Amino acid sequence: MITKNTLKTILMLTFGLSVFTSYGFNSAEDFDLSTIEFIEEEQEWGLGFDTAQYLPENFDPYSGIISVKTINFIEVCDEVELGFETGGYLPLGFDPYIQ
């Protein structure tokens, strides 16, 4: 016997899945950095002293050129030697780099 709560849960899940599948999720190749909207909230920081006297004249923290390619998201690790052959413990045709 299906109770009202069970029926409500099933309907909510069905509706939720239909909403999420209606949006077209783009693959990583279609990702464009210029489409990201960054909303910055203005905040006044009270440090209790004047910071201008500690900075050089005409200091602008945003004047530098920033490239996304300069950010290292994944660090390359050194080769790890386990001391035994791992191939015997993996399925045939195993490739960890296939998504």
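**Exercise 1. Find the accessible surface of the protein and the share that belongs to carbon and sulfur atoms.**

Start with the total: the accessible surface (Shrake-Rupley method, 1.4 Å probe; for residues, only the protein chains shown count as cover) is about 11200 Å². Next, take the share: 59% of this surface belongs to carbon and sulfur atoms.

A word on the model before going on: it is predicted, with local features needing pLDDT of at least 70 and side-chain atom pairs counting only at pLDDT 80 or more, while totals for chains, interfaces and linings use all residues. Residues are numbered from 1 along each chain as its sequence is written, and side-chain values use heavy atoms, leaving out hydrogens and water.

**Exercise 2. Work out the secondary structure of the protein.**

Helices (H or I, at least four residues) and strands (E, at least two) are DSSP runs, numbered from the N terminus. Counting them gives one helix and zero strands.

**Exercise 3. Decide whether asparagine 58 is buried or exposed.**

First, locate the residue: asparagine 58 sits in the segment after helix 1. Then apply the cut-offs: buried is under 20% relative accessible area, exposed over 50%, and partly exposed in between (1.4 Å probe, protein chains only). Asparagine 58 has a relative accessible area of 78%, so this residue is exposed. Its phi is near 55°, a positive value in a residue other than glycine.

**Exercise 4. Do the same for phenylalanine 94.**

Phenylalanine 94 also has its place in the segment after helix 1 (4-22). Its relative accessible area is 46%, so phenylalanine 94 is partly exposed. For the whole protein, buried residues make up 1% of the 99 residues.
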